[in-house]
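Trainee: Could you take one part of this model and go through it closely? I want to know what it touches and what surrounds it.

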Amino acid sequence: MHLATVNRKGGVGKTTTAVYLAALLGQQGRTLLVDADPDQSALRWITAADGIAGVVPIALPTTALHRQLPDLVGDDYAHVVIDTPPGTGNDAIVRSALLAVDTVIVPTGPTIADVDRLRPTVDFIAATADIHPLAYAVLLTRVRRGTTSAREARPILAADHPVLDAEIPLREAIATSWGEHRPACTDDYSAVLAELLHTGVPS
């Protein structure tokens, strides 16, 4: 599996999702975690954790990522996870990351404001998909189950986007797991990975 986590909006759990999925994939096969964000949050997480079993992190915040990655991966890695930067100032890096993967996860919060700000990200992915086959799905993160926002966000999103059935609840253990070599509450992300591997996302 070659996947990237993408959202132009920050603070939606993009790096957390990348690290958790890399950690879980690392249990199934050697996984390359590519930190394409100049801030290097994912790389700093792995460094602080003194490594995560099965995961090899590298920093590659470059517009040539899609050209460099094949030589780096070769036959050495079963999976690749790329964490991309937020904002619009790094569009060329994000586009290069998209060109290097086949699956895109778009983490987003469950509020109407989060949903409203999703369109630029999805349009950007769609523009890249015109020249490179991509499948994407939205992942709801930091969900307060039972709240109005949680109930309203999913049907609004599902009207225009593929949305994973699995979602990530708002948990203190996840929010404070930065730097852990065994991230907490992996069951939540295990459900995400199982859906990706067994059901896949629409192309």
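Mentor: What follows starts at one loop and works outwards to the helices and the sheet. This is a predicted model: local features need pLDDT of at least 70, side-chain atom pairs count only at pLDDT 80 or more, and totals for chains, interfaces and linings use all residues. Residues are numbered from 1 along each chain as its sequence is written, and side-chain values use heavy atoms, without hydrogens and water.

Take the loop between strand 1 and helix 1, where Arg8 sits. Helices (H or I, at least four residues) and strands (E, at least two) are DSSP runs, numbered from the N terminus. Arg8 makes a salt bridge with Asp91, and their closest N and O atoms are 2.7 Å apart. A salt bridge here is a side-chain nitrogen of Lys or Arg within 4 Å of a carboxyl oxygen of Asp or Glu. Asp91 belongs to helix 4, so to speak of distant parts of the chain is fair: the two residues are 83 apart. Arg8 is partly exposed, at 24% relative accessible area. The scale is simple: buried is under 20%, exposed is over 50%, and partly exposed lies in between (1.4 Å probe, protein chains only).

Lys9 is in the loop too. Lys9 forms a salt bridge with Asp114, with 3.2 Å between the closest N and O atoms. Asp114 lies in helix 5 (residues 112–116), 105 residues away from Lys9. Both partners are buried. A further salt bridge joins Lys14 and Asp83 at 3.5 Å, N to O. It ties helix 1 to strand 4 across 69 residues. Lys14 and Asp83 are both buried. The structure holds six salt bridges.

Go back to Arg8, this time to its backbone. The backbone nitrogen of Arg8 is 2.9 Å from a polar atom of the Thr121 side chain. Thr121 is part of helix 6 (residues 119–129). At 0% relative accessibility, Thr121 is buried. Beyond neighbours within four places in sequence, Thr121 contacts Val6, Asn7, Arg8 and Val106. Contact means heavy atoms within 4.5 Å.

Helix 6 has further buried residues. Thr121, Val122, Phe124, Ile125 and Thr128 are buried. These residues cover an arc of only 160° around the axis, so they sit on the same side of helix 6. The arc is that of the directions from the helix axis to the C-beta atoms. The buried residues of helix 6 pack against helix 4 (91–99), strand 5 and strand 6.

Now the sheet. Six strands form an open, parallel sheet in the order 3-2-4-1-5-6. Two strands pair if DSSP finds at least two bridges between them. Strand 3 (55–59) and strand 6 (135–140) are at the edges; each has a single partner strand, so one side of each lacks a neighbour in the sheet. Neighbouring strands are turned by 20° against each other on average, direction ignored. Strand 2 (residues 31–35) and strand 4 (residues 79–83) pair over five bridges. There, Leu32 has Val80 as its bridge partner.

Helix 1 (residues 14–26) lies across strands 1 to 6 and runs at about 170° to strand 4. Axes are lines fitted to C-alpha atoms, for helices over the stretch in contact, and angles run from 0 to 180 degrees between N-to-C directions.

Terms used:
A polar contact is a pair of N or O atoms within 3.5 Å; within protein, one must be able to donate a hydrogen and the other to accept it, and residues adjacent in sequence count only if both atoms are side-chain atoms.
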